[in-house]
Amino acid sequence: MNPVAGLSVARIVIGLLALVSPSLSAKAFRLDSANNPQLSYLLRMFGSREIALGVATLAAPAKLRTPMVLAGIAVDGADAAAGALAGRDGVVSKSTAGFLTGPAIAAIVAGIIGLRR
């Protein structure tokens with residue numbers, strides 16, 4: 001599968017999980033929803049963003065695909081920074097920060113590979 005298509009489908013699946021079941025999504029991301037009830041709101045916002053970005057990238061005509069992938073790379077860069085900052089600030093453990101940052105960096109790499117094809 002093309003890395004851009006694969007990444008877009010993954011965005012949609014992750015987004016749906018966050019939107020439909022924020023508590024399960026929180027567990028998957030190693031986040032503490034029991035002590036942070038507002039987390040479900042933020043995860044649903046995250047989910048809708050991921051679904052929109054995934055669908056828009058898949059539906060984009062060829063001439064708009066590159067800007068959509070670049071937007072995804074920018075979003076993933078911000079997500080990686082957020083994970084690293086959360087670890088630095090002690091909001092999450094260092095291992096959870098790595099767990100949150102790693103997939104975002106992998107998505108950046110997948111986006112770059114997809115642009116080169």
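These are my notebook entries on side-chain pairs, salt bridges and one helix in a predicted model.

**Ground rules**

Since this is a predicted model, local features need pLDDT of at least 70 and side-chain atom pairs count only at pLDDT 80 or more, while totals for chains, interfaces and linings use all residues. Numbering runs from 1 along each chain as its sequence is written, and side-chain values use heavy atoms, with hydrogens and water left out.

**Entry: aromatics**

I looked for ring pairs (Phe, Tyr and Trp, the last by its six-membered ring, with centres within 6.5 Å; planes under 30 degrees apart are stacked, over 60 edge-to-face, the rest tilted). I got one aromatic pair for the structure. Phe 29 and Phe 46 sit edge-to-face, with 5.7 Å centre to centre and 85 degrees between the planes. Phe 29 is in the loop between helix H2 (22-28) and helix H3 (39-59) and Phe 46 is in helix H3, so the pair ties together parts 17 residues apart in sequence. My helices are DSSP runs (H or I, at least four residues; strands are E, at least two), numbered from the N terminus.

Buried or exposed, or in between, for Phe 29? I noted it as partly exposed at 21% relative accessibility, and Phe 46 is partly exposed too, at 22%. The cut-offs are under 20% relative accessible area for buried and over 50% for exposed, with partly exposed in between (1.4 Å probe, protein chains only).

I also checked for charges over rings (NZ of Lys or CZ of Arg within 6 Å of the ring centre and within 35 degrees of the ring normal). Arg 30 lies over the face of Phe 99, 4.1 Å from the ring centre.

**Entry: salt bridges**

How many salt bridges does a search of the whole structure find? I have five in my notes, using a side-chain nitrogen of Lys or Arg within 4 Å of a carboxyl oxygen of Asp or Glu.

One of them joins Asp 76 and Arg 11 at 2.6 Å, N to O. Asp 76 belongs to helix H4 (residues 62-88) and Arg 11 to helix H1 (residues 3-20), so this pair ties together parts 65 residues apart in sequence. Asp 76 is buried at 4% relative accessibility, and Arg 11 is buried at 5%.

Arg 49 turned up twice: it bridges to Glu 50 at 2.7 Å and to Asp 79 at 2.7 Å. With Arg 49 in helix H3 and Asp 79 in helix H4, the second bridge ties together parts 30 residues apart in sequence. Following shared partners, I can put Arg 11, Arg 49, Glu 50, Asp 76 and Asp 79 into one network. In that network Glu 50 is buried at 5%, whereas Arg 49 is partly exposed at 29% and Asp 79 is partly exposed at 22%.

**Entry: helix H5**

I checked the length of helix H5 (residues 94-116) next. At 1.5 Å times one less than the number of residues, its 23 residues should span 33 Å, and the end C-alpha atoms are 33 Å apart, which agrees.

Which helices do the buried residues of H5 pack against? I found H1 and H4, with contact meaning heavy atoms within 4.5 Å. Among those buried residues are Thr 96, Ala 97, Thr 101, Ala 104, Ile 108 and Gly 111. An α-helix has 3.6 residues a turn, so residues three or four places apart point the same way.

Ile 105 is also in helix H5, but I have it as partly exposed at 43%. The C-alpha atoms of Ile 105 and Ala 78 are separated by 10.0 Å, with their places 27 residues apart along the chain.
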